[in-house]
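Work through these exercises with the structure open beside you. Try each task before you read its solution.

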Amino acid sequence: MSFFVVFTLIYFSLHAFVWARMSLQLDLSWRTFILGLLAALALAMSPYLARRLPETWNPAVVRIVWWAVYVWFAAVAYLFWLQLAALILQLLARLAPSAWFAWLPRGRAQLAAVAAATALILIYGLWAANHWETPSYTVTSPRIKRAVRIALITDTHFGAIHTDAWVDRLVKTINGLQPDLVLFAGDQLNDHVGWLDSQAEILRGLQAPLGAYGVLGNHEIYVGASPSSRFHELAGVRLLRGDTVSLPGTGVQISGVDDPGHSPNAKQATAREVDRLKSALNPGDFHILMFHRPWLWPEEAAQAGFDMEVSGHTHGGQLYPFSWFVKIYYPYLAGHFEAHGSHLVVSRGAGTWGPPLRVGANPQIPLIILKPES
Ligand SMILES: [Fe+2]
């Protein structure tokens with residue numbers, strides 16, 4: 001089954017559960033419930049339809065549609081979790097002495113409480129998505145010749161949702177960290193790449209004396225490597241696609257590999273690609289691997305000679321409690337990890353995928369400070 005079918009079925013099931021609970025709480029007729037299910041089917045397909053809106057449409061109109069579709073996505077997610085919690089409490093209330101659950105609202109009052117809590121979460125999530133954290137991680141090594149400040153940017157997901165003003169604020173925030181180097185670890189782009197020339201121009205305002213480098217994430221593979229390369233060229237970001245560069249005077253080398261996208265045996269294929277980079281590494285330098293997904297660390301990355309890997313992709317779960325599920329596939333969800341002298345830095349990402357909200361996973365611009373060992 002295609003990703004679209006699986007996604008739509010899951011999203012429809014969330015709608016159906018929420019609508020079934022609402023119908024009971026409001027005491028609606030079967031006929032109304034069935035009609036509502038048809039509307040739920042249309043809503044379940046709305047993210048897919050939004051992605052298909054052509055670039056010939058007015059960007060402002062598409063932006064409004066995307067916001068409506070994806071804020072609704074977050075609303076349905078939280079309506080689902082809160083309705084599920086209310087149902088579990090109601091079932092427990094049947095088993096326990098009645099006085100214990102006297103506070104639990106029922107019927108319309110329960111629905112009103114769930115809707116109000118969802119609205120508060122959405123307002124918080126919209127606010128949180130626009131407030132970057134800038135955690136700083138210091139890494140020392142005798143092979144680093146001088147201090148290098150690296151701003152790690154991942155998962156900006158430029159597209160219909162974000163305005164030029166948002167990109168401008170991002171660039172100003174990065175410049176405020178006074179980086180020597182900016183690394184873009186994938187998923188810079190999301191959709192409607194033909195509209196993003198102005199955002200690429202804004203990225204040219206990044207101030208980093210050692211330059212800006214990037215890798216392709218899974219979303220650059222989805223929108224196409226060729227338009228993605230063009231965007232990065234316009235933005236003044238050099239893509240590392242199986243390449244290695246030396247940063248003069250620092251003792252630091254940076255390598256990058258493409259995300260494997262949907263390719264079969266994705267992990268093994270990238271492990272081979274990383275192993276192939278070995279021959280380009282100067283012995284005695286400090287080696288950084290840029291790979292969008294926090295995979296291959298520590299074993300494969302360290303075996304190939306890398307001292308540090310920088311990644312994104314997880315979004316830290318983006319909307320709690322999805323972080324629980326993301327952590328099953330990506331145990332290094334976000335932060336700085338160290339094992340046997342090898343480092344991994346995973347960013348929660350600067351932007352959002354789908355809903356322009358973050359709950360319990362604030363957006364990040366990590367600053368990595370490389371220092372010579374004194
Ligand atoms: Fe990603």
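## Exercise 1: A sheet and its edges

An open sheet of six strands runs in the order S1-S12-S2-S3-S4-S5, and its pairing is mixed. Find which strands stand at the edges of this sheet, then follow the pairing of S1 and S12. Note that this is a predicted model.

Solution.
- Step 1. The edges belong to strand S1 (136–141) and strand S5 (238–239). Each has a single partner strand, so one side of each is left without a neighbour in the sheet.
- Step 2. Take S1 and strand S12 (residues 367–372): they pair in the parallel sense over six bridges.
- Step 3. Pick one bridge. Ser-136 has Leu-367 in S12 as its bridge partner.

As background, strands of a sheet pair through backbone hydrogen bonds, either parallel or antiparallel.

## Exercise 2: The other sheet

State the strand order of the open sheet that holds S6 to S11, and name its edge strands.

Solution.
- Step 1. The order is S6-S7-S8-S9-S11-S10, six strands with mixed pairing.
- Step 2. Strand S6 (243–247) and strand S10 (335–339) are the edge strands, and each pairs on one side only.
- Step 3. Neighbouring strands of this sheet are turned by 20° against each other on average, direction ignored.
- Step 4. Inside the sheet, strand S7 (residues 252–256) and strand S8 (residues 286–290) run parallel, joined by five bridges. Ser-255 stands opposite Leu-289 in S8.

## Exercise 3: The two sides of a helix

Which residues of H5 are buried, and what do they pack against?

Solution.
- Step 1. Helix H5 (residues 107–128) has 22 residues. From first C-alpha to last, H5 reaches 32 Å, close to the 32 Å expected at 1.5 Å a residue.
- Step 2. Gln-110, Val-114, Thr-118, Ile-121 and Gly-125 are buried in H5. Seen down the axis of H5, the buried residues fall within an arc of 65°, so they line one face of the helix.
- Step 3. Exposed residues lie on the other side of H5, among them Arg-108, Ala-112, Leu-120 and Trp-127.
- Step 4. The buried residues of H5 pack against helix H1 (3–26) and helix H4 (59–95).

## Exercise 4: Where two domains touch

Find which element gives the largest share of the side of domain 1 that touches domain 2.

Solution.
- Step 1. The chain is divided into domain 1 (3–128) and domain 2 (136–372). Their centres, taken over C-alpha atoms, are separated by 34 Å.
- Step 2. The contact takes 20 residues from domain 1 and 15 residues from domain 2.
- Step 3. On the side of domain 1, the elements that give two or more residues are helix H3 (46–51), H4 and H5.
- Step 4. H4 gives the largest share, 11 residues.

## Exercise 5: Buried or exposed?

Decide how Asp-187, His-192 and Leu-234 count: buried, partly exposed or exposed. Use this cut-off: buried means 20 or more other C-beta atoms within 10 Å, and exposed means 12 or fewer.

Solution.
- Step 1. Asp-187 has 29 C-beta neighbours inside 10 Å, so Asp-187 counts as buried. Asp-187 lies in the loop between strand S3 (181–184) and helix H7 (197–203). Its phi is near 60°, a positive value in a residue other than glycine.
- Step 2. His-192 has 21 other C-beta atoms within 10 Å, so His-192 is buried. His-192 also has a positive phi, near 45°.
- Step 3. Leu-234, in helix H9 (residues 225–235), has 16 other C-beta atoms within 10 Å, so Leu-234 is partly exposed.

How values were computed:
Residues are numbered from 1 along each chain as its sequence is written. This is a predicted model: local features need pLDDT of at least 70, side-chain atom pairs count only at pLDDT 80 or more; totals for chains, interfaces and linings use all residues. Two strands pair if DSSP finds at least two bridges between them. Helices (H or I, at least four residues) and strands (E, at least two) are DSSP runs, numbered from the N terminus. Axes are lines fitted to C-alpha atoms, for helices over the stretch in contact, and angles run from 0 to 180 degrees between N-to-C directions. The expected span of a helix is 1.5 Å times one less than its number of residues. The arc is that of the directions from the helix axis to the C-beta atoms. Two residues are in contact if their C-beta atoms, placed from the backbone, lie within 7 Å. Domain bounds come from an automatic or database domain assignment.
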